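Student: Hey, can you walk me through this structure? I'd like to start with how its strands line up.
Tutor: Sure, have a look at it first.

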Amino acid sequence: MIKKSLITALVLLLVYHFALPHISRDYYWIAGQQRANYLRAQKFVHDTPADANVIVGSSMANTLSDELLAGKYEKLTFPAGGSFTGLEIIAGTDRHPKVLWIESNTLLRDADKSMLDDVLSPWRRKLRDTSPVFKEEGRPSNFQVGLLNDLVGKVCRGFAKITGAPKKPKATEHAIDPDVFANIMKANREHLDRAPSEAELTARVNRLGELVDQLTRGGTKCILFEMPIDSTLELLAEPVAVRKAMEKRFPSEKYHWFTFDRDHAWQTTDGVHLVKSEIDKITGKMLRDADAFK
Amino acid sequence: MLFTSLPFVILVLITFVIYYLRPLRSLQVIVLTAASFLFYSWEAPLLVILLILSILINVVTSYKIATGKVSSQKFWAIMGVSLNLGLLLLFKYGPLVAKTLFGGDHGSIGHFLVTIPLPIGISFFTFQGISLVVEVFRSKQPNDPFGYPEMVPDSFVAHLKHTMLFKAFFPSLVAGPIVKAHEFYPQIVPKELSGINWQIVFRSLVVGYFLKMVIADNLKDSTFWIEYPYFLNESPLTLVSLLFGYSMQIFADFAGYSLIAIGLAAAFGYVLPQNFNYPYISRSFTEFWQRWHISLSTWLREYLYIPLGGNRKGNVRTYLNLFIVMFLGGLWHGAAWSYAVWGSFHGLALALERLGKNWIRFPKHWLVGVVQALLVFSFVTLAWLLFKLPKFEHVLAYLGAMLHSRAETKYWLIGHVITYSVPVIGYYAWYLLKQRKPGISRYEFVIFALLLTAIILDSGTTGAFIYFQF
C-alpha cells in the first residue's frame, strides 16, 4: 500500500505539472490576505527585474493605486505585515531597486519569518523555478475556491431573488456600517495608545537604518514616508513615538522624506486605511514628486 | 519546535538512525530522552528546568510510594499530586489569580506572576505525572481493583531513566495524547527496526500532516477574521461559515497533531492511545466525549470523576459530578473564565442528557441518528466560539452579528471554508463507508496518494498548534 501510494502521488504530481498551464483561469481566486502576501512575495522573487522600483510597507501602503503604479512600481506591501518583510526580501535576494519607497507606520512589526523562510529558501526557489505547481499561483485550491466563489454567489443571489430579500444599499467609499466603524476605531485607539518600549523602538529603528544604508550604498534611492491615517489616531502614543524615533534616526537633511498634508482631514474606511479617492490623490502625488527626488 | 518545521524533521531522522544502531541498543531510552529534551528546549532552553523539576517530583514521590513503608504511601501520594498541581496552578493560573488578588502594578508580586510565561505542554506532562503517582499508589493497595502492572523497578536510577522518557517523550510532550503510566511503562523495552509497524507510521503521518498542514493551516487564514471587532463587518452567512470552518480547523489541528504523535511514536516502537475517534458523528454529548480528546476525557474519568463518586451515589450527585468534572476540564484548557463557561456548557449538556434519558426514548432510525448528530455538532461548534474569542462580550457580539449584521457576504471566504472543510467531511464519510463496505479499503492507496499530493502542493503557512496554548 505504501509503495503504491507513493508511486500514484508521483504520477499525480507529474500530471498536474503538465496540465497546469492548460487549465482555464476563468474560475480562479487567491483566497485571503496571507495567500495574496505569499503570491506577491514569490512573484517578486521569481519574476520581477532586479532593478525595478519598489514600495515596501503594510496594508496601508498596499492600498496605493495599482492602476496608477502599473509599470512604474512593484508593491512589496503586506497586509498584517510591515516594511521589514519587504526589505528583508530585497536584501535576501541581493536586489538593488532604483527607487525604494519605505512606509514607516509599521516600524514595530517584525519581518514575517515564515514568509522569509519560504521565499528565500534556496531549494524552494529552485523547485519553483523548475515547476509552477510549487508556486502559490499553482495551488489546486485556487481553482476550487474560484469555482465555489462563483457558485456560492449565484446560489445566494438566486435565493435572494426567490425570497425577495431587500437589496443591500450600494457600497459607498465608507462601506463599513457606522456602528462597526465606531467599534473598529475604538479598537484602533486602544491599540495605538500604547507607547512602545524604548529598547524595542531602538532595535527596530537601528535595523531599518542598517537596511536603508546598505541599499543606499548599493545605489538605491530610499524614500521614507508615513501613510496618513485618521486625525484622531495620528497623535496617539504609538504613532508619535514611532514618528519621533524615525525623525531622529533618519533626519530629513540626510534622508529623503516624502510628507503628506497633515492639516488635511483624511477620509478612511476604518481609521487606518484611506478611501479610494484619497488613495488616488496621494498615489498621483507620490508619482509626481518621485521625479523631484531623482 | 513544531512538527511541521525542518529542524524537527532533521531531529527525528538523526534520532531515528542513532536509536536503531545495534551497538547503541542499550542506550535507546537515553537517546530518545536526549532528543526529547532538545525538542522541548529548542525555542526556550530555560523551560527544561521546569520539566526536570516536574520529573524529579514524580520520580521521588512514586519511588517512595513503591518502596517506602506502607504507612507513608498515602503521604507521598498526596505530596506527589499536590506538587504536580502546585506547579500547574503556579504557572498556568498564577497570573490570573495574581492579577485578581494583587493587581498588575510594576514591582508588585502580581506583576511578577503575570509576567511568568506559560510553559508549553505543562498541562499535558503534569497530568501524566499525576497518573504515575496515582497508579503506583493504587497498585500498592491491597486488592488493587485496577490491576496495574509493576511500574517502578528496584533501582532508583532505572526508575529515573524510565520516568524521564515517560514525561519527556517528544511525540506526546507538548500536546498529548495524555499517556497514562500503565500504558507507557510496560513498553519501555529494547526496540528492533524490524518491529516497526510501517503501516501505522505511514497512515498516521500522512493523515496527520494532511489534517494539520492542508486543512488546519489553510482554514486559519479564513478563521483569522473571527476577531473582534473585524467580524462585525461580515454578513450572517459569512459568520456562520467561519464558525463552521473554525470547528473543522480545531478538529483538523488537534486530531492531526495527535495522529502525527501516534505515527512518530510508532516509528520508535511505542504505541500511543487513540485521541480522536471521528467525534463529529456523535449522536449525543456523552458519545462526543468518548470520541473527542479521548486521552483527556478518560484521564478525567479515572482520576476525577470516579474518585468523586462517579454515578455510584445517586442521580443528583452524578449530575453534579459531571458538571464539576467538565467545569474543571474547561479550566484545564486555560486561565480564562470563557474556558470555564465552555466546560460548564458541556457539563450541563451531559447532565441534562443523562436526565433526559430517563424519560425520552428516541426511535432507532438512521434519520433520527443524523438529526441527533447534526444537533450535537451544531452545539459543539457554537461552543467553540468560547475558544476563539476568550472575552465573553465578544462571543455575544459575534452571536448578535450572526443574527443582525447587514454587511455584504464574501462569497470567496465561504468558498475557501468549503474547499478545506469538504476533505474533513470526506474523512468521516470514508470511515463510515469502510464500515459498510470493508472491501473498499483496497483502493485506499489512491486516497493516500491524493493526501500526499495535497501536502506537497497545497499546504498552508505554518501555524502553531491550537492546543499548544493549553
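Tutor: One term before we start: two strands count as paired if DSSP finds at least two bridges between them. Also keep in mind that this is a predicted model.
Student: OK, so which residue stands opposite A:E103?
Tutor: That's A:F225, which sits in β4(A).
Student: And how many bridges join strand β3 to strand β4 of chain A?
Tutor: There are 5 bridges between β3 (residues 99-103) and β4 (residues 221-225) of chain A. Those two strands run parallel.
Student: What order do the strands of the sheet come in?
Tutor: The order is β2-β1-β3-β4-β5 in chain A. It's an open sheet of 5 strands, and the pairing is parallel.
Student: Which ones are the edge strands?
Tutor: β2 (74-78) and β5 (256-258) of chain A, since each of them pairs on one side only.
Student: What does the twist average from one strand to the next?
Tutor: It averages 20°.
Student: Let's zoom in on β1(A). How many bridges does it share with β2(A)?
Tutor: Strand β1 (residues 54-58) of chain A pairs with β2(A) over 5 bridges, in the parallel sense. Within that pair, A:V56 stands opposite A:L76, and A:G57 stands opposite A:T77.
Student: How many bridges join β1(A) to β3(A)?
Tutor: 3 bridges, and those strands run parallel too. Here A:V56 turns up again, standing opposite A:I102 in β3(A).
Student: Is β1(A) mostly covered or uncovered?
Tutor: Mostly covered: 5 of its 5 residues are buried. On one side you have A:V54, A:V56 and A:S58, and on the other A:I55 and A:G57, all of them buried.
Student: Why do the residues split into two sides like that?
Tutor: In a regular strand the side chains alternate between the two faces of the sheet.
Student: Makes sense. How many residues of β2(A) are buried?
Tutor: In β2(A), 4 of its 5 residues are buried, so to speak a mostly covered strand as well.
Student: Zooming out, what does chain A have in the way of helices and strands?
Tutor: Chain A has 12 helices and 5 strands. Its C-alpha trace spans about 65 × 55 × 35 Å along the principal axes. Of its 294 residues, 34% are buried.
Student: And what about contacts in chain A between residues 24 or more positions apart?
Tutor: They account for 79% of the chain A contacts with a separation of 6 or more.
Student: Switching to chain B now. How is it divided?
Tutor: Into domain 1 (6-195) and domain 2 (198-469). The centres of these two domains of chain B, taken over C-alpha atoms, are separated by 27 Å.
Student: How many residues does the contact take from each domain of chain B?
Tutor: It takes 27 residues from domain 1 and 22 residues from domain 2. On the domain 1 side, the elements giving two or more residues are α1 (6-19), α4 (73-102), α6 (122-139) and α8 (170-173) of chain B. α6(B) gives the most to that side, with 5 residues.
Student: What's the mix by class on the domain 1 side?
Tutor: The side of domain 1 of chain B that touches domain 2 has 17 nonpolar, 6 polar and 4 charged residues.
Student: Which residues touch the most other members of the largest nonpolar core?
Tutor: B:F210 and B:I215, in a core of 135 residues. Helix α11 (residues 236-267) of chain B gives the most to this core, 20 residues. Domain 1 and domain 2 of chain B both give residues to the core, so it lies between them.
Student: What does B:F210 touch?
Tutor: Leaving out residues up to four places away in sequence, B:F210 touches B:I215, B:L451, B:A454 and B:I455. There's also a second, separate core of 40 residues, which includes A:I89, A:L100, A:I102 and A:M115.
Student: Last one: how many residues does each chain put into the contact between chain B and chain A?
Tutor: Chain B puts in 31 residues and chain A puts in 33 residues. The largest share of the chain B side, 10 residues, comes from α19(B). By class, that side has 16 nonpolar, 10 polar and 5 charged residues.

How values were computed. Residues are numbered from 1 along each chain as its sequence is written. Chains are lettered from A and ligands numbered from 1 in the order in which they are written. This is a predicted model: local features need pLDDT of at least 70, side-chain atom pairs count only at pLDDT 80 or more; totals for chains, interfaces and linings use all residues. A nonpolar core is a set of buried Ala, Val, Leu, Ile, Met, Phe, Trp, Tyr and Cys residues joined through C-beta atoms within 7 Å. A residue is buried if 20 or more other C-beta atoms lie within 10 Å of its own, exposed if 12 or fewer, and partly exposed in between; C-beta atoms are placed from the backbone. Domain bounds come from an automatic or database domain assignment. Two residues are in contact if their C-beta atoms, placed from the backbone, lie within 7 Å. Ala, Val, Leu, Ile, Met, Phe, Trp, Tyr, Cys and Pro count as nonpolar, Asp, Glu, Lys and Arg as charged, and the others, Gly among them, as polar. Axes are lines fitted to C-alpha atoms, for helices over the stretch in contact, and angles run from 0 to 180 degrees between N-to-C directions.
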